[in-house]
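Please open the structure in your viewer and keep the selection box handy. We will go from stop to stop, and at each one you will hear what to select and what is there.

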Amino acid sequence: MQEESTLLDHIHYPADLRNIPLEKLPEVCKEVRNYIIDTLSGVGGHFASNLGVVELTVALHYVFDTPKDRLIWDVGHQTYPHKILTGRKDRLNTVRKFNGLSGFPKREESQYDLYNTGHAGTSISQALGEAAARDLMGDDYNVVAIIGDASIATGMALEAMNHAGHLKKNMIVILNDNFMSISKNVGSISNYLNNIITSHFYNHWKRIFYTFLKWLPLVGPAMERFFKRVEKGFKDVMTPGGLFEDLGFGYIGPEDGHDVLRLVKMLEKVKKMKGPILLHLITQKGKGYDPAEKDPIKYHGVTPFRKEDGAMDSGDSSKIAYSKIVGRMLSILTEKNKRIAAITPAMIEGSGLKEYAEKFPEHLFDVGIAEQHSVAFAGAMTSGNIVPYMCIYSTFLTRGMDQLVEDVSLMNLPVRFIIDRAGCVGPDGETHQGLFDLGYLLGLPNMDVFVPSNGQDLIDSIRFMEGYDRGPIAIRFPKANTNVNELDFHKPAEMKPGTFRILQKGADVALLSIGSMLEEAKKATQILQSAGFSVTLIDLVWLRPLSIDDLNSELSQVRSFVILDESYIDAGASGYLLNRIGQEHLSKYVRTFGFPPEPIHHGERKEIFEAYGLDGKSVAANIADVLKKNLIKP
């Protein structure tokens, strides 16, 4: 028996969607939602956020003439429904896989993706830029930014709204609000007010009325100001849009973001309105899948799961993520030292701080998506005799660069930076790669840098940092797991700044391994030794301070050396090291094994390492070729 054709089978691009009768859109939404559930239960990916925007995505592509009209998604991990409707449905099962679809919007994938987005708060700036360019060129198209309730609170988003209110360009901002405490505002009164506010009749006669008032002699301007205050006061009381009105936006909402038929009607009205407009929608993360509705944090990003009940593989119980090591270690330290505080920019779960937040809620400061503020905030806490641990992903620390320089480094304030997801992040792709941090950290005055090469190093360094008050210090580590049975969370940290480890002694070549590259360096060492070469393996865990005299002494005993650094080759530790290594040894330098200065796309870390020749086998083969050319034979 042939399987019955569905509406989604006939929708390949938005033009196909716009041929569907309006009354059929709820069925389209149901099919899109089921397609996401079916697909991600098998391959994993961002989940709850995508289920929450199905109706919004369908309505946007139904109302707007995409790709002529511009849709700009903030963050972008909620664009799976968008990908389904824009020619990529059959490839959704490749999402976040090597050579597959990105988990975020990506210009190289589709003309419907305007920007490669992965960081929050950018969409309103981009939409305003699009609108300004449109008007300068005399073009005619709509520009829509879709932003979440956390992202709209970022400094960049507020700056953009302030500018948009000044320029008064025609543009629309959709506020996708899934913070359910304000859902009470969705209802008949709000619908009634919004029908009035968005009606052509209302806006047309409002403009005529205010124009008339301006022409009244003497009292006209005063009456105009009076009636605008009355109008604004009424809307502020009945709707929560006063802030947006003050920034110069016409505010509509809140509206039910899961009523696709009403969304279509509202968008049809909103796109005819003039100036910057903000449409406020209430949505539910995980909508339509019960386990995700009940626990949207757990189901934000999923591994393959059982569709019937949402059960996911709990993983290897003998392994612990580096992020969880951080949370556990900080809990142990805070038990004894109440001066400790942990700071995170909206990454409690990602940075392993969930348990810490439950145990020490007064010591945990989640500042929201505000990386610049978080760094300056941490610096100021040191002046109050607090021991601040700044827990942040490498990719997000770049947003706080000015504060790293001005508000921490130059003043030599002892902030402890715990930098997670350093190096290659795998499936999250180019916007989340942590490949810049060593370059700028080592360029900062006063900043000391430790690069743990294993889980015990991470534990020891977090403990060591507690009493390290000579200035700011950073530790950086990859998204990785380690064997929990090999860890000791309670032994005193025996760390001497500036030291490094010599794991193997040889004469032909020295491998200077930086932090997370140690496993690949060990593999390369073993292969080279099996081929008859004599190898020195150095684990450079301290980059600053650095015992350069001791390092030069080791290099004097080998014929050549290479550097292994999980960074961009021009933004890692190579320049820092080569500027300190003795001039008599520089001729021995062969190369740095790092990433080239190009976007590093998504995939499993192992696949990416192999693609860029950073795996142990490739490193060994490259070194062996060089040694043979230089007549260093096994």
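The tour below visits salt bridges, a helix pair and some sheets.

Before you start, note that this is a predicted model, in which local features need pLDDT of at least 70 and side-chain atom pairs count only at pLDDT 80 or more, while totals for chains, interfaces and linings use all residues. Residues are numbered from 1 along each chain as its sequence is written, and side-chain values use heavy atoms, with hydrogens and water left out.

**Stop 1: salt bridges**

How many salt bridges does a search of the whole structure find? The search gives 27, where a salt bridge is a side-chain nitrogen of Lys or Arg within 4 Å of a carboxyl oxygen of Asp or Glu.

Select Asp65 and Arg18, whose side chains form a salt bridge with an N to O distance of 3.5 Å. Asp65 sits in the loop between helix H4 (54-63) and strand E2 (70-73), and Arg18 in the loop between helix H1 (14-17) and helix H2 (25-43), so this pair ties together parts that are 47 residues apart in sequence. Helices (H or I, at least four residues) and strands (E, at least two) are DSSP runs, numbered from the N terminus. Asp65 is partly exposed at 40% relative accessibility, and Arg18 is partly exposed at 24%. On this scale, buried means under 20% relative accessible area, exposed over 50%, and partly exposed in between (1.4 Å probe, protein chains only).

Next, pick Glu109 and Arg88, another salt bridge, at 2.8 Å from N to O. This pair also links distant parts of the chain: Glu109 is in the loop between helix H5 (80-88) and helix H6 (123-137), Arg88 is in helix H5, and they are 21 residues apart. Is Arg88 buried or exposed? Arg88 is buried, at 4% relative accessibility, whereas Glu109 is partly exposed, at 23%. Now add Lys83 and Asp113 to your selection: Lys83, Arg88, Glu109 and Asp113 are linked in a network of salt bridges.

Then select Arg470 and Asp448, a salt bridge whose closest N and O atoms are 3.4 Å apart. Arg470 lies in the loop between helix H20 (455-466) and strand E14 (473-476), and Asp448 in strand E13 (residues 448-450), 22 residues apart. Arg470 is exposed at 54%, while Asp448 is buried at 5%.

**Stop 2: the sheet that holds Asp448**

Stay with Asp448, which stands opposite Ile473 in E14. E13 and E14 run parallel and are joined by three bridges; two strands pair if DSSP finds at least two bridges between them.

Widen the selection to the open sheet of seven strands, in the order E10-E9-E11-E12-E14-E13-E19, with mixed pairing. Strand E10 (364-366) and strand E19 (542-544) are at the edges with a single partner strand each, so one side of each has no neighbour in the sheet.

Add helix H16 (residues 371-382), which lies across strand E9 (340-344), E10, strand E11 (387-393) and strand E12 (416-420), at about 165 degrees to E11. Angles run from 0 to 180 degrees between N-to-C directions, and axes are lines fitted to C-alpha atoms, for helices over the stretch in contact. Contact means heavy atoms within 4.5 Å.

**Stop 3: a five-stranded sheet**

Which strands make up the open sheet of five? Their order is E16-E18-E17-E20-E21, with mixed pairing. Strand E16 (501-504) and strand E21 (589-595) are the edges, each with a single partner strand, so one side of each is without a neighbour in the sheet.

Zoom in on E16 and strand E18 (residues 535-539), which pair in the antiparallel sense over three bridges. Here Arg501 has Asp539 in E18 as its bridge partner. Show helix H21 (residues 518-530) as well: H21 lies across E16, strand E17 (509-513), E18 and strand E20 (561-568), at about 170 degrees to E18.

**Stop 4: a parallel strand pair**

Select strand E5 (residues 250-256), where five of the seven residues are buried, so E5 is largely enclosed by the rest of the structure. E5 pairs with strand E6 (residues 276-282) in the parallel sense over five bridges, and Ile252 stands opposite Leu279 in E6.

**Stop 5: two packed helices**

Finish with H2 and helix H12 (residues 260-270), which pack at about 115 degrees with their axes 8 Å apart. Show Leu25, Pro26 and Cys29 in H2, which meet Val260, Leu261 and Val264 in H12.
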